[in-house]
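Hi,

Here is the structure I promised to pass on. Have a look at it first, and then read my notes below.

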Amino acid sequence: AAATWKTSTVQHSAACGAQVRRTIVCADALAWMAAQDELPGSVVTSMPDITEVSYMGLGVDSYCAWFVDAARLVLRKAPRDGVVIF
């Protein structure tokens with residue numbers, strides 16, 4: 001089955017007068033990112049520690065590989081002029 005996700009976009013004026021748009025995506029983040037050609041802007045995110053993904057049943061080595069693969073995906077999908085903050 002194809003991956004599905006829900007998005008919600010909010011646009012408002014910042015105190016400085018700039019127009020700000022924020023899009024929230026409710027989905028499996030890795031599946032969603034993999035389906036994108038390029039992310040629409042910079043990324044601010046956090047990576048879960050091993051205790052937060054215990055449901056995946058990963059050992060330390062598998063978790064480290066998963067972590068590096070996930071970080072690599074975010075960096076690869078970010079725009080060239082974008083910023084990624086973990």
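A quick word on naming before anything else: helices and strands here are DSSP runs, numbered from the N terminus. Also, please keep in mind that this is a predicted model.

With that naming, the protein has two helices and four strands, and going along the sequence you meet them as β-β-α-β-α-β. The radius of gyration is 15 Å, well over the 12 Å that the globule rule gives for 86 residues, so the protein is more spread out than a compact globule. Its C-alpha trace spans about 50 × 30 × 25 Å along the principal axes. Buried residues account for 16% of the 86, and the protein exposes about 6,500 Å², with 54% of that coming from carbon and sulfur atoms. If you take the contacts between residues at least 6 apart in sequence, 41% of them join residues at least 24 apart.

How far does the predictor trust this? The average pLDDT is 87, and 94% of the residues score at least 70. Confidence is highest in α2, with a mean of 96, and lowest in strand β1 (residues 6-13), with a mean of 74. As a rule, coordinates predicted with low pLDDT should not be read in detail.

One spot to look at is valine 83, in the loop between α2 (60-77) and β4 (84-85). Is it buried or exposed? Somewhere in between: valine 83 is partly exposed, at a relative accessible area of 46%. On the surface, Val83 forms a nonpolar patch with Val44 and Ile85, and together they have about 290 Å² of accessible area.

Cheers

Methods: Residues numbered from 1 in each chain as written. Predicted model: local features only at pLDDT ≥ 70, side-chain atom pairs only at ≥ 80, totals over all residues. Heavy atoms only, no water. Patch = residues over 30% accessible without salt bridge, like charges linked within 9 Å, V, L, I, M, F, W, Y side chains within 5 Å. Areas by Shrake-Rupley, 256 points an atom, 1.4 Å probe, with all protein chains shown as cover. Salt bridge = Lys/Arg side-chain N within 4 Å of Asp/Glu carboxyl O. Buried < 20%, exposed > 50% of the residue type's maximum accessible area, 1.4 Å probe, protein only. pLDDT = per-residue confidence, 0-100. Rg over C-alpha atoms; globule rule 2.2 N^0.38 Å. Contact = heavy atoms within 4.5 Å.
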